[in-house]
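This report goes through selected features of one structure, taking a loop residue, the disulfide and the packing of several helices in turn.

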Amino acid sequence: MDGGNQSVVSEFILWGLSQSQKLQVLLFVIFLILYFFIVSGNIVIMLLITTDHHLHSPMYFLLANLSFVDMWLSSVTTPKMISDFPRENKTISFEGCMSQIFFAHCIAGVEMVLLVVMAYDRYVAICKPLHYFTIMNLKRCTGLVFISWTTGLIHATSHLVEIVELPFCGPKEIDSFFCDMPLVIKLACLDSHDLDILMNANCGVVAVICFILLLISYTYILTNVLQSSKSGASKALSTCTAHITVVMIFFVPCLFIYVWPLNIIWLDKFLAVFYSVFTPLLNPAIYTLRNKEIKNAMRRFLSNYLFKGNP
């Protein structure tokens, strides 16, 4: 980089979620506890799937990858937000800001494609059960996960190339708890209208295509379920409910932040917190509470490793 950006703006000021000191103390405690549960909950799922041979199947292989991605989705922004609550001056370096933008869009892109892969996995399991393990073999699952990461990296790199060379000459205040790309673009010393359109189009290509593929997958699944027996339909619907719930709580905030922005500051902050904190928090709870195999794996883990040797 030429140095023009950093010679003028070397850091940005984050306004955070609130200006009230008392409220920030409360938020510090709340989000510290939530982040602990996010990390521990997703690690537990990865640990159970890795150590329990009953969970060595394509669906749980993908679920372990989703837990890994969820943990990092929150870790891109949440630790910085938590550490800023007690501080009067909430600043982030230019490099740190660009890193947040890159990794936030990379991880979000990975998760979108991974959710499509998980929907395809459920489609094959329900609509083509006899060929499930042939189609969703380890090599194909690994390849699909690789495609997810490749898509995320390409998506994030395109955003970084778009923003890193912009001329920033002030102001440098960002009314959010992290470097959210739409807000950073507005700080550039040029007309940001075309850049906003380009960003929305870039995000829209990934988000809308993934969302359409998800709708197609679950439409095929539901059509197949309605034609099957009552017991089979009930089991299939139970299996897919968790997946559909996760898709909705992740995609809805992303669509309204980056594809069809509402430009309401408090709502944008709420949606950003929801998809970066509550989505990674809810995913382990949704899959654990609604999944008997995960519950049984938890019991086996506790009996084998924690209570081993106890009377």
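## A loop residue beside a distant methionine

With a relative accessibility of 21%, Val164 counts as partly exposed, a class that begins where the buried one, under 20%, ends. This assignment, like every other value here, comes from a predicted model. Val164 is located in the loop between α7 and β3, and its C-alpha atom is separated by 6.9 Å from that of Met98, although the two residues are 66 residues apart along the chain.

## The disulfide and a free cysteine

How many disulfides does the model contain? The count comes to 1 disulfide, formed by Cys97 and Cys179, whose sulfur atoms are 2.1 Å apart. This pair joins distant parts of the chain, since Cys97 belongs to helix α5 (residues 94–127) while Cys179 sits in the loop between β3 (173–174) and α8 (181–185), 82 residues apart. The torsion about the S-S bond of Cys97 and Cys179 is about -125 degrees, and the disulfide is therefore left-handed.

Both partners are withdrawn from the surface: Cys97 is buried with a relative accessible area of 0%, and Cys179 counts as buried at 1% relative accessibility. Cys106, by contrast, takes part in no disulfide, and the nearest cysteine sulfur, which belongs to Cys203, is 13 Å away; because a disulfide requires sulfur atoms within 2.5 Å, that separation leaves Cys106 unpaired. Cys106 is nevertheless buried, with a relative accessible area of 3%.

## Helices α2 and α3

Helix α3 (residues 58–75) has 18 residues, which at 1.5 Å a residue should span 26 Å, and this agrees with the 26 Å between its end C-alpha atoms. Of these 18 residues, 15 are buried, so α3 is largely enclosed by the rest of the structure.

Helix α2 (residues 21–51) packs with α3 at an angle of about 160 degrees, their axes being 9 Å apart. Because angles over 145 degrees count as roughly antiparallel, α2 is roughly antiparallel to α3. The crossing in which α2 passes α3 is left-handed, and the residues that make the contact include Tyr35, Ile38, Asn42 and Ile49 of α2 together with Phe61, Ala64, Phe68 and Met71 of α3. In the loop between α2 and α3 lies Asp52, which counts as buried at 9% relative accessibility and touches Ala297 and Arg300 when residues up to four places away in sequence are not counted.

## Helix α7

Helix α7 (residues 138–163) has 26 residues and reaches 38 Å from its first C-alpha to its last, close to the 38 Å expected at 1.5 Å a residue. Among its buried residues are Cys141, Val145, Ser148, Gly152, His155, Ala156 and His159. As background to such patterns, an α-helix has 3.6 residues a turn, so residues three or four places apart point the same way. The buried residues of α7 pack against α3, α5, α8 and α9 (193–226).

## Helices α5 and α9

What is the angle at which α5 and α9 pack? The angle is about 15 degrees, with the axes 9 Å apart, and α5 and α9 are therefore roughly parallel to each other. Their crossing is left-handed. The contact is made by residues including His105, Met112, Val116, Tyr120 and Tyr123 of α5, and Cys203, Val206, Cys210, Leu214 and Tyr218 of α9.

How values were computed. Residues numbered from 1 in each chain as written. Predicted model: local features only at pLDDT ≥ 70, side-chain atom pairs only at ≥ 80, totals over all residues. Heavy atoms only, no water. Helix = DSSP H or I, 4+ residues; strand = E, 2+ residues; numbered from the N terminus. Buried < 20%, exposed > 50% of the residue type's maximum accessible area, 1.4 Å probe, protein only. Expected span 1.5 Å × (residues − 1). Axes fitted to C-alpha atoms, helices over the stretch in contact; angles between N-to-C directions. Parallel < 35°, antiparallel > 145°, perpendicular 65-115°, else oblique. Left-handed = near helix turned anticlockwise from the far one by under 90°. Contact = heavy atoms within 4.5 Å.
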